Amino acid sequence: MASGFDQQVYEAVSRIPVGQLATYSQIAELIGAYGCARQVGWALRRLPLPSSVPWHRVVNAQGRIAMSLSREGSDWMQRDLLLAEGIPVDAEGRLPFRNHRWVAGAPGARGGASPAADRLAVLLGQR
């Protein structure tokens with residue numbers, strides 16, 4: 001069972017619509033845990049995969065996927081999931097963050113079902 005902090009992270013991340021991105025610090029601020037971006041990352045790392053929580057939509061402050069051997073392949077999984085949502089990712093994990101930045105509370109920020117969402121559900125084994 002997830003801790004209270006982890007559950008808050010998962011609920012906030014679950015609000016990010018298909019095709020949009022947030023940073024670890026953005027999620028931390030959204031749940032009132034200012035300065036806890038690293039803890040958000042650890043909470044997401046504790047998710048069992050596959051997961052219905054769209055963890056792959058959370059990236060670092062530079063708008064990049066954190067590519068690292070310590071991620072045990074989840075960085076490449078994140079890249080593939082973002083590409084499936086139509087977000088281009090280069091070989092170094094750079095993303096067009098400005099074009100896909102999620103603004104919590106903006107009109108339509110929750111998003112709805114789309115062909116990209118359907119493809120993602122198939123990739124995650126939910127359909």
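A residue counts as buried under 20% relative accessible area, as exposed over 50%, and as partly exposed in between. That scale is used throughout what follows, and it applies here to a predicted model, in which the residues are numbered from 1 along the chain.

The protein chain contains six helices and two strands, and from the N terminus on these elements follow one another in the order α-β-α-α-β-α-α-α. Of the 127 residues in the protein chain, 43% are buried. The protein chain exposes about 7100 Å², and carbon and sulfur atoms supply 54% of that area. Among the contacts with a separation of 6 or more, 66% are accounted for by residues 24 or more positions apart.

A good place to enter the interior is helix H3, which spans residues 37-45 and whose buried residues are Val40, Ala43 and Leu44. Seen down the axis of H3, these buried residues fall within an arc of 95°, so they line one face of the helix. The general background is that an α-helix has 3.6 residues a turn, so residues three or four places apart point the same way. The cover over the buried residues of H3 includes helix H1 (4-13), helix H2 (24-30) and strand E2 (58-59).

From this face the path leads into the nonpolar interior. The largest nonpolar core has 20 residues, of which Val9, Val13, Ile27 and Leu44 touch the most other members. The elements that give two or more residues to this core are H1, H2 and H3, and H1 gives the most, with four residues. Val13 shows how parts of the chain meet here: leaving aside its neighbours within four places in sequence, Val13 is in contact with Ile27 and Leu44, and also with Val53, Pro54, Trp55 and Val58. Apart from this core lies another, of eight residues, among them Leu21, Val59, Leu82 and Leu95. As a general matter, nonpolar side chains in soluble globular proteins tend to be buried together.

Polar residues also take part in the picture, and Asn60 is one that merits a closer look. Asn60 sits in the loop between E2 and helix H4 (74-84), and with a relative accessibility of 16% it counts as buried, because the limit for that class is under 20%. Where does the side chain of Asn60 reach the backbone? The side chain of Asn60 reaches the backbone nitrogen of Gln62 at 3.0 Å, and a polar atom of the side chain of Asn60 also lies 3.0 Å from the backbone nitrogen of Arg64. Beyond its neighbours within four places in sequence, Asn60 is in contact with Thr23, Tyr24, Ile65 and Ala66.

The loop between H3 and E2 holds Arg46, which offers a polar link to another part of the chain. Arg46 and Asp6 are 40 residues apart in sequence, while their C-alpha atoms are 8.6 Å apart in space. The side chains of Arg46 and Asp6 make a polar contact at 2.8 Å, and, not counting residues up to four places away in sequence, Arg46 touches Tyr10 as well as Asp6.

Charged pairs complete the account. In general terms, side chains of opposite charge can pair when their charged atoms come close. The structure holds four salt bridges, one of which joins the side chains of Glu85 and Arg57 at 2.8 Å, N to O. This pair links distant parts of the chain, with Glu85 in the loop between H4 and helix H5 (97-100) and Arg57 in the loop between H3 and E2, 28 residues apart. Both Glu85 and Arg57 are buried.

Other salt bridges involve Arg94. Arg94 forms one with Asp90, with the closest N and O atoms 2.7 Å apart, and another with the side chain of Glu92, at 3.1 Å, N to O. How does the accessibility of these three residues compare with the scale given at the start? Asp90 is partly exposed, with a relative accessible area of 24%, Arg94 counts as partly exposed at 41% relative accessibility, and Glu92 is partly exposed, with a relative accessible area of 39%. Salt bridges that share partners join Asp90, Glu92 and Arg94 into one network.

Key: This is a predicted model: local features need pLDDT of at least 70, side-chain atom pairs count only at pLDDT 80 or more; totals for chains, interfaces and linings use all residues. Side-chain values use heavy atoms; hydrogens and water are left out. Buried means under 20% relative accessible area, exposed over 50%, partly exposed in between (1.4 Å probe, protein chains only). The arc is that of the directions from the helix axis to the C-beta atoms. Contact means heavy atoms within 4.5 Å. A polar contact is a pair of N or O atoms within 3.5 Å; within protein, one must be able to donate a hydrogen and the other to accept it, and residues adjacent in sequence count only if both atoms are side-chain atoms. Accessible areas come from the Shrake-Rupley method with a 1.4 Å probe; for residues, only the protein chains shown count as cover. A nonpolar core is a set of buried Ala, Val, Leu, Ile, Met, Phe, Trp, Tyr and Cys residues joined through side-chain atoms within 4.5 Å.
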